[in-house]
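Open the viewer and switch to a cartoon view. We will go from the whole chain to its parts, one selection at a time.

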Amino acid sequence: MSRDIKNIVIHCTAGYGNVDSIKKYWKNVLKWKSVGYHIIVDLDGELHFLADFDTVVNGVANNNSKSIHISYIGGVLKDDYTKSSDTRTDKQKEGLKEAILKAREYAPKAKILGHRDFSQDKNKNGKIDINERIKECPSFEVKEWIKEWM
């Protein structure tokens, strides 16, 4: 049985921990019963599949039942985790493309968005301005990047 997926959401981990440490954080600190993403793309581009696309995970509050979540490790400066930055390596970009295409096979009509694209357009100007973002994740403009290769 497949879920009715409306969104493929791109995230960053906002840190440089390995996949095991990220999973332990979700379980032990956040007390989540499931993982935060379906796929994590490591620094070398390797895809780590953490959950089947049929499984609901904890990517974006109030949007998880209709979303697939993909993250890359990074998204902040290594010497200052408070500073958002597009840290994707070329291999991570290729890995993200591969992960998105896999998710698209499962949900061909889904929109591809960044986590921050779920922020509210409070001033109703048709876009999410920097001051309206709930967070910077994934530290790049997903819609613009998708236009470059898809």
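How many helices and strands make up the secondary structure of the protein? Count three helices and seven strands. Keep in mind that this is a predicted model.

**Stop 1: the whole chain.** Trace the sequence from its start. The pattern reads β-α-β-β-β-β-β-α-β-α. Now show the C-alpha trace alone. Along its principal axes it spans about 45 × 40 × 35 Å. The radius of gyration is 15 Å, which agrees with the value near 15 Å for a compact globule of 150 residues.

**Stop 2: the sheet.** Select the strands of the open sheet. There are five, in the order 3-2-4-1-7, and their pairing is mixed. Colour strand 3 (47-49) and strand 7 (111-114): these are the edge strands, and each pairs on one side only. From one strand to the next, the twist averages 20°.

**Stop 3: one pair of strands.** Select residues 39-41 and 67-72. These are strand 2 and strand 4, paired in the parallel sense over three bridges. Click Ile40: Ser71 in strand 4 stands opposite.

**Stop 4: the helix on the sheet.** Select residues 90-106, which form helix 2. What does this helix touch on the sheet? Helix 2 touches strand 1 (7-12), strand 2, strand 3, strand 4 and strand 7. Its direction makes about 170° with that of strand 4.

**Stop 5: surface and interior.** Turn on the surface. The protein exposes about 8600 Å², and carbon and sulfur atoms supply 48% of that area. Buried residues make up 46% of the 150 residues. Last, look at contacts with a separation of 6 or more: residues 24 or more positions apart account for 67% of them.

Technical notes
Residues are numbered from 1 along each chain as its sequence is written. This is a predicted model: local features need pLDDT of at least 70, side-chain atom pairs count only at pLDDT 80 or more; totals for chains, interfaces and linings use all residues. Side-chain values use heavy atoms; hydrogens and water are left out. Two strands pair if DSSP finds at least two bridges between them. Helices (H or I, at least four residues) and strands (E, at least two) are DSSP runs, numbered from the N terminus. Axes are lines fitted to C-alpha atoms, for helices over the stretch in contact, and angles run from 0 to 180 degrees between N-to-C directions. Contact means heavy atoms within 4.5 Å. The radius of gyration is taken over C-alpha atoms; the globule rule is 2.2 Å times the number of residues to the power 0.38. Buried means under 20% relative accessible area, exposed over 50%, partly exposed in between (1.4 Å probe, protein chains only). Accessible areas come from the Shrake-Rupley method with a 1.4 Å probe; for residues, only the protein chains shown count as cover.
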